[in-house]
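Colleague: Could you walk me through one part of this model up close? Pick whichever part you like, and take your time over it.

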Amino acid sequence: SNLESISTSDIMTSGIAKLLPNDKIGTAAEIFGRGLFHSIPVVNENNELKGILTPNDVLSYLYDKEYQ
């Protein structure tokens, strides 16, 4: 297959997880713990993207909280 002929919608993950800005870190940890996603979009009430959360973000937060 030629990469120029394949659209992103042909290969993307469509059943995504998403978080709201006020969701708790434990919710994200549970999603990451299942191993289904390596990043989770954070959206507002209008489904507008506000950021992306990664396992590294969670680990960095926990590390900083514990050791800084």
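**A close look at the hairpin and its helix**

Modeller: Let's begin with charges: the structure holds one salt bridge. In this predicted model, that salt bridge pairs the side chains of Arg 34 and Glu 30, 2.9 Å apart from N to O. Arg 34 is exposed, at 51% relative accessible area, while Glu 30 counts as partly exposed, at 49%.

Now for helix 2, which spans residues 25-33. Its buried residues are Ala 28, Ile 31 and Phe 32. These three cover an arc of only 95° around the axis, so they sit on the same side of helix 2. And what do the buried residues of helix 2 pack against? Their partners are strand 1 (40-43), strand 2 (49-53) and helix 3 (55-67). Just after helix 2 comes Gly 35, with a positive phi of about 75°.

That packing leads us to the largest nonpolar core, which has nine residues. Ala 28, Ile 31 and Phe 32 are in there, along with Ala 17, Leu 19, Phe 37, Ile 40, Val 42 and Val 58. Helix 2 and strand 1 are the elements that give two or more residues to this core, and helix 2 gives the most, with three.

Val 42 is a handy way into the hairpin. Leaving aside neighbours within four places in sequence, Val 42 is in contact with Leu 19, Leu 20 and Pro 21, and also with Glu 48, Leu 49, Lys 50, Gly 51 and Leu 53. As for the strands themselves, strand 1 and strand 2 run antiparallel and are joined by four bridges. One residue along from there, Val 43 has Leu 49 in strand 2 as its bridge partner.

Between the strands of this hairpin there are five residues. Asn 47 takes a positive phi there, near 65°. Asn 44 lies in the loop between strand 1 and strand 2 too. So is Asn 44 buried or exposed? Asn 44 is buried, because its relative accessible area is 11%, under the 20% cut-off. A polar atom of the Asn 44 side chain lies 2.9 Å from the backbone nitrogen of Asn 46. Setting aside neighbours within four places in sequence, Asn 44 is in contact with Leu 20, Pro 21 and Lys 50. Those three residues also appear among the contacts of Val 42.

Definitions and conventions: Residues are numbered from 1 along each chain as its sequence is written. This is a predicted model: local features need pLDDT of at least 70, side-chain atom pairs count only at pLDDT 80 or more; totals for chains, interfaces and linings use all residues. Side-chain values use heavy atoms; hydrogens and water are left out. Buried means under 20% relative accessible area, exposed over 50%, partly exposed in between (1.4 Å probe, protein chains only). The arc is that of the directions from the helix axis to the C-beta atoms. Contact means heavy atoms within 4.5 Å. Two strands pair if DSSP finds at least two bridges between them. A nonpolar core is a set of buried Ala, Val, Leu, Ile, Met, Phe, Trp, Tyr and Cys residues joined through side-chain atoms within 4.5 Å. A salt bridge is a side-chain nitrogen of Lys or Arg within 4 Å of a carboxyl oxygen of Asp or Glu. A polar contact is a pair of N or O atoms within 3.5 Å; within protein, one must be able to donate a hydrogen and the other to accept it, and residues adjacent in sequence count only if both atoms are side-chain atoms.
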